[in-house]
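Student: I should like to go through this structure with you and ask how each descriptive term is justified.
Tutor: Please do; let us take the terms one at a time.

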Amino acid sequence: MKELEDATPFCKYYGACGGCQLQHWQEAPYREWKRELVVSAFARRGIVAEVGGLIDAHGSGRRRVSLHVRRSEGHVTAGFMAARSHDLIDIDHCPVLVPELHEATAIARAIGTRLGDCDVALTASETGIDASVKAERKIVTRELEKLAPLVAGLGLARLTVNGEIIATLRTPSVRMGSASVPLPPVSFLQATQRGEEVLAGLVIEAVGKAKSVGDLFCGLGPFALRLAEGARVTAFDSDRAAIAALGQAVRMTRGLKPVTATVRDLFREPLVAGELKQFDAVVLDPPRAGAEAQSRQLAKSKVKTVVMVSCDPMTLARDAEILLRGGYAIRAVTPVDQFKWTSHVETVAVFHHSPGQRDSPLP
């Protein structure tokens, strides 16, 4: 359809680079198509739900990026793979990144000059750029003494190679609500600061006046730390480093209600109905695989409000069906666009439980 193809792509690498493949779409049809991804996922499960309009959460750009670096005959290239290919597209600048990452590919090339073929993940934090590198161990050992000076030379806050911290000039940190959270190496963050804020706002609105909240798959605490400004929070995640960082942030932040952060693999050991009864509301933000095991336990519980944050409409719909069959009803579904110009979409779905009543939209 012509109306879907007449926008001018803003990136000079469009069509070659494998990212941001939807720049050619006009805004209105693009937004409706992305919303429809969520509608369709629910429909495949026989779920009729009112899906709200797509919220643009690109903000100032993506604050993290992973670059491939290749060195051949003294020439170093850095960028992204070509569409449907393993060919590397050499890029001088990616326009969807935050301004702080304007020199991302130059930084990656400088690292590649030392380490050869490698993958470089960069995160823009409040204290500077955090760089985490995966490279061949033999080369790293040989170049180890030359790596530390790169941190200051490239203006990095920290450099980590193959999980080992090489040098730290400033501890990378991010602001979450009123808290400052120290970043462990290779930490998961929402792609954009605006995306995190939008998702957190939807979560807080859905939780309402709940006094005790469970935050499952909590990560570094983007929801827990904001929710704790008005409620007691019990947080769980399998990532030990993230839980430690969340605990440290809680200790350094005044004015929060009690927060308990616990390491627990919710895929293997989900909270059971008896454990869930302490919560007025539960928030889940699982990885792309969703939270099937935990959803089955929630379906057996009497938790009044469940808020699911998902990066995959298909697994969200699967988990939603489990809750609906357990007596929950959908109250709101909101798609959020922080990976703009791609097929990825975040969704926040809100469920309420009505004792003795089943108003599921399932057939």
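Student: Which strands each supply at least two residues of the lining of the largest pocket?
Tutor: In this predicted model, these strands are β2 (64-72), β3 (75-81), β5 (118-125) and β6. The largest share, four residues, comes from β2.

Student: What is the make-up of that lining by class?
Tutor: The lining of the largest pocket has 24 nonpolar, 13 polar and three charged residues. The space in this pocket is about 920 Å³. There are 40 lining residues, and those closest to the centre of the pocket are Arg62, Arg64, Val65, Ser66 and Phe80.

Student: How much space lies in the second largest pocket?
Tutor: About 660 Å³ lies there. This second pocket is lined by 38 residues, of which Phe188, Phe217, Asp285, Pro286 and Pro287 are the closest to its centre. Its lining divides into 21 nonpolar, seven polar and 10 charged residues.

Student: What makes an enclosed space a cavity here, as opposed to a pocket?
Tutor: A cavity is a space where a 1.4 Å probe fits but cannot get out, whereas a pocket is open. The structure holds one cavity of 30 Å³ or more, and the space in the largest cavity is about 60 Å³. Among the residues lining this cavity are Pro286, Pro287, Met308, Cys311 and Asp319. Both β15 (305-310) and α9 (313-325) supply at least two residues of the cavity lining, which divides into eight nonpolar, three polar and one charged.

Student: Why is Asp130 called buried?
Tutor: The cut-off for buried is under 20% relative accessible area. Asp130 has 3% relative accessibility, so Asp130 counts as buried. Asp130 lies in strand β6 (residues 128-135).

Student: What makes the pairing of the Asp130 and Arg158 side chains a polar contact?
Tutor: A pair of N or O atoms must lie within 3.5 Å, one able to donate a hydrogen and the other to accept it. The contact that joins these two side chains is 2.8 Å, so the distance satisfies that limit. Beyond four places away in sequence, Asp130 touches Arg158 and also Ala121, Leu122, Thr123, Pro172, Pro184 and Pro185.

Student: Is Cys20 buried or exposed, and which is Glu73?
Tutor: Cys20 has a relative accessible area of 11%, and is therefore buried under the 20% cut-off. Glu73 has 84%, and exposed means over 50%, so Glu73 is exposed. Cys20 is found in the segment before α1 (27-44), and Glu73 in the loop between β2 and β3.

Student: What is noted about the backbone of these two residues?
Tutor: Cys20 has a positive phi of about 50 degrees although it is not a glycine. For Glu73, also not a glycine, phi is likewise positive at about 50 degrees.

Student: Why is the chain called as compact as a globular protein of its length?
Tutor: The secondary structure of the chain comes to nine helices and 17 strands. Its radius of gyration is 22 Å, and the globule rule gives 21 Å for 363 residues; the two values are close, so the chain is as compact as a globular protein of that length. Buried residues make up 54% of the chain.

Conventions: Residues numbered from 1 in each chain as written. Predicted model: local features only at pLDDT ≥ 70, side-chain atom pairs only at ≥ 80, totals over all residues. Heavy atoms only, no water. Buried < 20%, exposed > 50% of the residue type's maximum accessible area, 1.4 Å probe, protein only. Contact = heavy atoms within 4.5 Å. 1 Å grid on protein atoms, 1.4 Å probe; cavity = no way out; pocket = protein on both sides within 12 Å on 5 of 7 lines; lining within 4 Å. Points joined across faces, edges and corners; volume = space filled by probe spheres on them. Nonpolar A, V, L, I, M, F, W, Y, C, P; charged D, E, K, R; others polar. Rg over C-alpha atoms; globule rule 2.2 N^0.38 Å.
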